[in-house]
Amino acid sequence: MRIVFLGAPGSGKGTQASLLKERLGLAHISTGDLLRAQVAAGTELGRAAKEVMARGELVSDAIVLGMLEARMAEPDVANGYILDGYPRNSAQAVALDALLDRLGMPVDRAVLLEVADEVLLVRIAERSRKEGRADDNPESLRTRLTVYQDQTAPVIEHYAVKGNLRRVAGLGSVEEIHARIRDALA
Ligand code: AP5
């Protein structure tokens, strides 16, 4: 199974992708996690991305695509994948189609996690208190939500016209949402 997760910051993409990875044995590819690993390692790529991420803006398409291509070449991806945080704008959606066509691994399902903004704010504020992620502050979160509305929400249509979009209510317990996702993938 090859899956793309879509949804606003805090909608639960990472949480649900980790659970699906565990239960279905798929590769979980989070571009946010890949970028944070580069920042933590202090690589050139990480240094270029650090401030952009802290502001809540998108890192350049070329940087993220290069990183994704390298990850997609790893052997675990052959069993199926969950893309979490990519694509994030229309250009990335087109680039992803081309990459996956070349690899012969097209997307089976795009899952959109739908969560009201007031719930997103509560979840991110809670994580900020517990983990202190650099972009989990009110100002960066406002930017992330605007970027989502302006640049990422149009990607939903990209999958809707292909007929493989599934909308899942992202409220409730982690297990309840997981069960809805499993139904949507069936
Ligand atoms: P990224 O890491 O992708 O962040 P995001 O999209 O803002 O998503 P989050 O991690 O905040 O939320 P999530 O939907 O994964 O929810 P989660 O499961 O964590 O990207 C970060 C940055 O990297 C971007 O801003 C950009 O700069 C850059 N970047 C990444 N990809 C890029 C790309 N393709 N192109 C360019 N730049 C890119 O849950 C959130 C919280 O809620 C957690 O604390 C969790 O425990 C909690 N929670 C989850 N589910 C529930 C539930 N059911 N009930 C209660 N709490 C819950």
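Q: By class, how many nonpolar, polar and charged residues does the lining of the second largest pocket have?
A: In this predicted model, the second largest pocket has a volume of about 170 Å³. Its lining is made by Arg36, Val39, Lys50, Glu51, Met53, Ala54, Arg133, Ala134 and Asp135. By class, that lining has four nonpolar, no polar and five charged residues.

Q: Which helix gives the largest share of the lining of the second largest pocket?
A: H2 and helix H3 (44-55) each supply at least two residues of this lining. The largest share is four residues, and the helix that gives it is H3.

Q: Which residues are the closest to the centre of the largest pocket?
A: The largest pocket has a volume of about 1000 Å³. Its lining takes in 47 residues. The closest to the centre are Gly10, Lys13, Arg127, Arg133 and Arg144.

Q: Which element supplies the largest share of the lining of the largest pocket?
A: Strands E1 (2-6) and E2 (27-30) each give two or more residues to the lining of the largest pocket. So much is also true of helices H1 (13-24), H2 (31-41), H6 (117-131), H7 (138-162) and H8 (174-185). The largest share is five residues, and the element behind it is H2.

Q: By class, what residues does the lining of the largest pocket have?
A: The pocket has a volume of about 1000 Å³. The classes in its lining are 17 nonpolar, 18 polar and twelve charged residues.

Q: Why is H4 roughly parallel to H5?
A: Helix H4 (residues 61-72) and helix H5 (residues 90-103) pack with their axes 11 Å apart. Angles under 35 degrees count as roughly parallel. H4 is therefore roughly parallel to H5, the angle being about 25 degrees.

Q: Is the crossing of H4 and H5 left-handed or right-handed?
A: H4 brings Asp61, Leu65, Leu68, Glu69 and Met72 to the contact. H5 brings Ala91, Gln92, Ala95, Leu96, Leu99, Leu100, Arg102 and Leu103. By class, the contact has nine nonpolar, one polar and three charged residues. The crossing of these two helices is right-handed.

Q: Is H5 roughly parallel or oblique to H7?
A: The axes of H5 and H7 come within 8 Å and cross at roughly 40 degrees. Angles under 35 degrees count as roughly parallel, and 65 to 115 as roughly perpendicular. The angle of roughly 40 degrees therefore makes H5, relative to H7, oblique.

Q: By class, how many residues does the contact of H5 with H7 have?
A: On H5, the contact involves Ser90, Ala93, Val94, Leu96 and Asp97. On H7, these meet Gln151, Pro154, Val155, His158, Tyr159 and Lys162. By class, the contact has six nonpolar, three polar and two charged residues.

Q: Is H2 roughly parallel or roughly perpendicular to H4?
A: H2 and H4 pack with their axes 11 Å apart, at an angle of about 100 degrees. The range 65 to 115 counts as roughly perpendicular. H2 is therefore, relative to H4, roughly perpendicular.

Q: How do the residues of the contact of H2 with H4 divide, and into what classes?
A: Thr31, Leu34, Leu35 and Gln38 of H2 make the contact with Val64, Met67 and Arg71 of H4. These residues divide into four nonpolar, two polar and one charged.

Q: Which residues does a cis peptide bond join?
A: Most peptide bonds are trans. A cis bond with omega of about 5 degrees appears here. Pro87, one partner, sits in the loop between strand E3 (81-84) and H5. The joined residues are Tyr86 and Pro87.

Conventions:
Residues are numbered from 1 along each chain as its sequence is written. This is a predicted model: local features need pLDDT of at least 70, side-chain atom pairs count only at pLDDT 80 or more; totals for chains, interfaces and linings use all residues. Side-chain values use heavy atoms; hydrogens and water are left out. Axes are lines fitted to C-alpha atoms, for helices over the stretch in contact, and angles run from 0 to 180 degrees between N-to-C directions. Angles under 35 degrees count as roughly parallel, over 145 as roughly antiparallel, 65 to 115 as roughly perpendicular and the rest as oblique. A crossing is left-handed if the near helix is turned anticlockwise from the far one by less than a right angle, and right-handed if clockwise. Contact means heavy atoms within 4.5 Å. Ala, Val, Leu, Ile, Met, Phe, Trp, Tyr, Cys and Pro count as nonpolar, Asp, Glu, Lys and Arg as charged, and the others, Gly among them, as polar. On a 1 Å grid over the protein atoms alone, a cavity is a set of points where a 1.4 Å probe fits but cannot get out, and a pocket is an open set with protein on both sides within 12 Å along at least five of seven lines; lining residues have an atom within 4 Å of a point. Grid points are joined across faces, edges and corners, and a volume is the space filled by probe spheres set on the points.
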